[in-house]
Amino acid sequence: MIFSRANIATFSASLAIQFCGLITGVLTARILGPAARGELATVMLWPMILSNLGLLGCNWALAREVAADPRKESDWIRAAVAVGFAAACVCLVLGYWLIPYSLPSDRRYLGSLVRVCLLSIPLGIFNQTLLAIEHGRMRWRRYNFVRASFFIFYVILICLIAVSRKAQVQWFVWAYLTSHALTVILRLVLQRESFASGKLHVTECFRLLRRGLPYFWATASNLLTLQLDKIIVVSLMSAEAAGIYTVAVTFSSAQSSLGEALGITSFALLSNAKSIDRQGQILTETFRQATLTSAGLGLLLSCSVPLLIGPLFGHEFAQAVRPAVILTASAALTTPGGILIQGLRGAGRPYPGLASQLLGTGVLAGSAALLLPKFGLMGMAWAVVLSACVQIVLLIAAASALLRISPLCFWPFGARDVRELWRSVMAVRLRYSRSPA
């Protein structure tokens, strides 16, 4: 299951995206240094959050609607773009007036740059809307191509900034916006025929909003879970500490390629599965094999972190080593947890993910309040670990109840599962190394 052609293609694209992110992360840290890197994180944090909230969950609902009735793809594109445009306008207005007041007092001077970065909201919403069409139709080649396009554009522009030695935060913001704009143009070209032939129906707009509402709350809880630690660090600590924490998170997100790929395909597969038994089989097999793989990657990456941070990012970021080790190890829990959330969404059950993330967020906030004042960034890292543990336990319990399977089906460390994983790896190696003759 984990080594299906769709998973391998999506994982490869995610790995390429991760590599682009590593390049941009290294170059940005080396060019700006800890303090300016923290300023950039401050500028980009809230526009990115508002961009995802502005989707209103319609991207997930759109993928499910297109999967259920592919013949109406063109009409659904028109409806989704109309809803997204209206939501983007609301988010822009709210962001313009509210974001400067959410900035830390020592970084209020960044307010005008944050307002410029708000332009990423309509661009991001448009990109995600068109991407949802490819997701629902399971056109994996085009999906992975357009998904990676933004990151390819961004890494090219960051390399140009590095060559020209433009060590100002605003250049990185403009590179971010330009990458979004180029991606919009690319996706418009690819979807021009469907977009032109579709008809806008107001009833479909309201249907999309109604179907997207559960996914909006799930998206909001997901964002809160993923970004709360960054929000706390950016708001309560210095710009230098924010820059150091951003580098630490870079290594913990190395496993996101695996989780993102399997979450994407699990959502689509469970959306198209017709029986609850089949949904349970898909989810448990994917979860078990992903957990084994994630645990191995987490161990390897945790051992590599102390050797890589200094040479890659510079010795100014040496304080990122210890929190990076803890955050990287915690990814062995967050990766399979994300697969469960996406799989349950694909089965039309977004609320368990919402509940687990809200409770996990509460644990994170409470743990951070206790640990951050005394232990600094290390305290925040341990708070992330505690939150991940709570979420994975709740998600397994919810998936077991909803799909009518035993919680033991999710236990990934049996000898049989290790043998199955090894056979899957060997089958992939043989399939891709076999001569065309």
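**Group meeting: a cavity and three helix pairs**

Okay, let's start inside. Helix 3 gives the largest share of the lining of the largest cavity, with 4 residues. One caveat before I go on: this is a predicted model.

So how many cavities of 30 Å³ or more does a search of the whole structure find? It finds 3. The largest cavity has a volume of about 50 Å³. If you want to click through its lining, pull up Gly54, Leu55, Leu56, Cys58, Asn59, Ala80, Val83, Gly84, Ala87, Ile125 and Thr129. Besides helix 3, which runs 73-102, helix 2 (58-68) and helix 5 (120-137) each supply at least two residues of that lining. By class, we get 7 nonpolar, 4 polar and no charged residues around the largest cavity.

Now hang on to helix 5, and let's look at how it sits against helix 7. Their axes come within 9 Å and cross at roughly 35°, and helix 5 passes helix 7 in a left-handed crossing. On the helix 5 side you have Ser120, Leu123, Gly124, Phe126, Asn127, Gln128, Leu130 and Leu131, and these meet Tyr176, Leu177, His180, Ala181, Thr183, Val184, Arg187 and Leu188 of helix 7. The class count for this contact is 9 nonpolar, 6 polar and 1 charged.

Helix 7 has another partner, helix 6. Helix 6 covers residues 140-164, helix 7 covers 169-190, and they pack at an angle of about 150° with axes 9 Å apart. That angle makes helix 6 roughly antiparallel to helix 7. Which hand is the crossing of helix 6 and helix 7, left or right? Right-handed. There's a long list of contacts here, so just a taste: helix 6 residues including Phe145, Phe150, Phe153, Tyr154 and Ile161 meet a set in helix 7 that includes Trp171, Phe172, Tyr176, Leu186 and Leu190. Arg142 and Arg147 of helix 6 are also in that contact, as is Arg187 of helix 7. Sorted by class, the contact of helix 6 with helix 7 has 15 nonpolar, 5 polar and 3 charged residues. And yes, you've heard Arg187 before: helix 5 meets it too.

Last pair, further along the chain. Helix 10 (residues 239-252) and helix 13 (residues 321-346) have axes that come within 8 Å and cross at roughly 35°, and the crossing is right-handed. From helix 10 the contact uses Tyr245, Ala248, Val249, Phe251 and Ser252, while helix 13 brings in Pro323, Ala324, Leu327, Thr328 and Ala331. Here the tally is 8 nonpolar, 2 polar and no charged residues. The lining of the largest cavity has no charged residues either.

That's my tour, happy to rotate things on screen.

Note on methods. Residues numbered from 1 in each chain as written. Predicted model: local features only at pLDDT ≥ 70, side-chain atom pairs only at ≥ 80, totals over all residues. Heavy atoms only, no water. Axes fitted to C-alpha atoms, helices over the stretch in contact; angles between N-to-C directions. Parallel < 35°, antiparallel > 145°, perpendicular 65-115°, else oblique. Left-handed = near helix turned anticlockwise from the far one by under 90°. Contact = heavy atoms within 4.5 Å. Nonpolar A, V, L, I, M, F, W, Y, C, P; charged D, E, K, R; others polar. 1 Å grid on protein atoms, 1.4 Å probe; cavity = no way out; pocket = protein on both sides within 12 Å on 5 of 7 lines; lining within 4 Å. Points joined across faces, edges and corners; volume = space filled by probe spheres on them.
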